[in-house]
Amino acid sequence: MSTTWHVLGAGSLGTLWAARLARAGLPVRLVLRNEERLQAYRAVGGLTLVEQGQAQCYPVPGETAHSPEPIKRLLLACKAYDAVAAVSSVAHRLSADSELILLQNGLGSQDAVAQCAPLARCISASSTEGAFRDGDWRVVFAGHGFTWLGDPAHPVAPFWLDDLAIAGIPHEWSADILTRLWRKLALNCAINPLTVLHHCNNGGLQAHRCEVATLCAELTDLLERCGQPSAAEDLQPEVERVIQATAVNYSSMYQDVSHRRRTEISYLLGHACKAARRHELAVPHLEQVRQRLIAHLENLGLPSD
Ligand code: NAP
């Protein structure tokens, strides 16, 4: 009998994973915020995944954090700023043989979660898949991509990667997941805040080449100082390539702001600036962008942490 996948967070990525695992016949359960959300979910009867215009509903069973069954495998699919509260809500159901798969973007939440669940194995993930909600319990699979998974503490891959293969979730075990997370964070710090401040799509940053280059130089220094030289390699040319290749796209931070959603700033640019302070490295331009972004969010009445 396969181990049940408990998916905490029925948002974009949580639904994308839960639907594909369920479609492959694997046991999946959704952990919802509270009884009210559970009743609302049960009234609808399942999660809908929209792929290439085709909608399909998957009747994944739901529960709340208060269900009594132990959790052996937890896919944590909430935002970075909700991760600690979400794991704490199910901490009493975890044990030494529990495994947590952390889908959060950026850095900082993974360590905070590991402290809340010291016995469990924490596996970090970095994904380039794209999905968005177009209704409650309904998600559109917008961009095919890839997910790297890794555990900086134990390099051995878990056997359940087979479940991901069966479910058609493109993935690879990564011995250097921290490098991947830092690299993604650096790309994000060089692009996303500027798209918000200049109110433009990614391609719009082609008009702000100098500003991008200055941030890349500080980020390169920072990655090297943090012991991540591989993540620092050729950062600026890659940032330029990404800006060009995704010119018509709006960054995730831009979309969060335009939908008046809280951003993950503390786990991206905020984490970079905090790491620089810890290493006593001056990053004046990154710090200035962070402060401009905070002021911008506050002006809009959005959370700035
Ligand atoms: P999302 O659509 O906002 O979904 C998060 C879900 O977590 C929401 O349904 C939220 O419930 C739920 N949640 C939060 N706290 C909870 C709790 N204590 N108990 C139960 N449910 C809880 O977020 P997302 O876009 O899937 O992003 C998740 C993470 O993946 C982020 O770090 C993001 O940066 C990263 N990521 C996303 C994508 C993407 O394409 N979406 C791609 C790569 C990486 P409510 O709705 O009730 O608040």
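The following dialogue asks how some terms apply to this predicted model.

Student: Why is S126 called buried?

Tutor: Buried means under 20% relative accessible area. S126 has 6% relative accessibility, so S126 counts as buried.

Student: What is S126 in contact with, leaving aside its neighbours within four places in sequence?

Tutor: The residues are F146, T147, W148, I177, L181 and K184. Contact means heavy atoms within 4.5 Å. S126 itself has its place in strand β8, residues 121-127.

Student: How do you know that β8 and β11 pair?

Tutor: Two strands pair if DSSP finds at least two bridges between them. β8 and β11 have four bridges, in the antiparallel sense, so they meet that cut-off. Opposite T147 in β11 stands S127.

Student: What makes β11 and β12 a pair, and in which sense?

Tutor: At least two bridges are needed. Strand β12 (residues 171-173) and β11 have three, in the parallel sense. W148 has E172 in β12 as its bridge partner. Together with helix α5 (residues 161-166), β11 and β12 make a right-handed β-α-β unit.

Student: Why is β11 said to be covered on both faces?

Tutor: On one side of β11 (residues 147-150), T147 and L149 are buried. On the other side, W148 and G150 are buried.

Student: What makes the pair between the ligand and R33 a polar contact?

Tutor: The cut-off for a pair of N or O atoms is 3.5 Å. An oxygen atom of the ligand is 2.9 Å from an N or O atom in the R33 side chain, so the pair qualifies. Taken alone, the ligand exposes 900 Å², and the protein buries 82% of that.

Notes: Residues are numbered from 1 along each chain as its sequence is written. This is a predicted model: local features need pLDDT of at least 70, side-chain atom pairs count only at pLDDT 80 or more; totals for chains, interfaces and linings use all residues. Side-chain values use heavy atoms; hydrogens and water are left out. Helices (H or I, at least four residues) and strands (E, at least two) are DSSP runs, numbered from the N terminus. Buried means under 20% relative accessible area, exposed over 50%, partly exposed in between (1.4 Å probe, protein chains only). A crossover is right-handed if, with the strands pointing away from the viewer, the path from the first strand over the helix to the second runs clockwise. A polar contact is a pair of N or O atoms within 3.5 Å; within protein, one must be able to donate a hydrogen and the other to accept it, and residues adjacent in sequence count only if both atoms are side-chain atoms. Accessible areas come from the Shrake-Rupley method with a 1.4 Å probe; for residues, only the protein chains shown count as cover.
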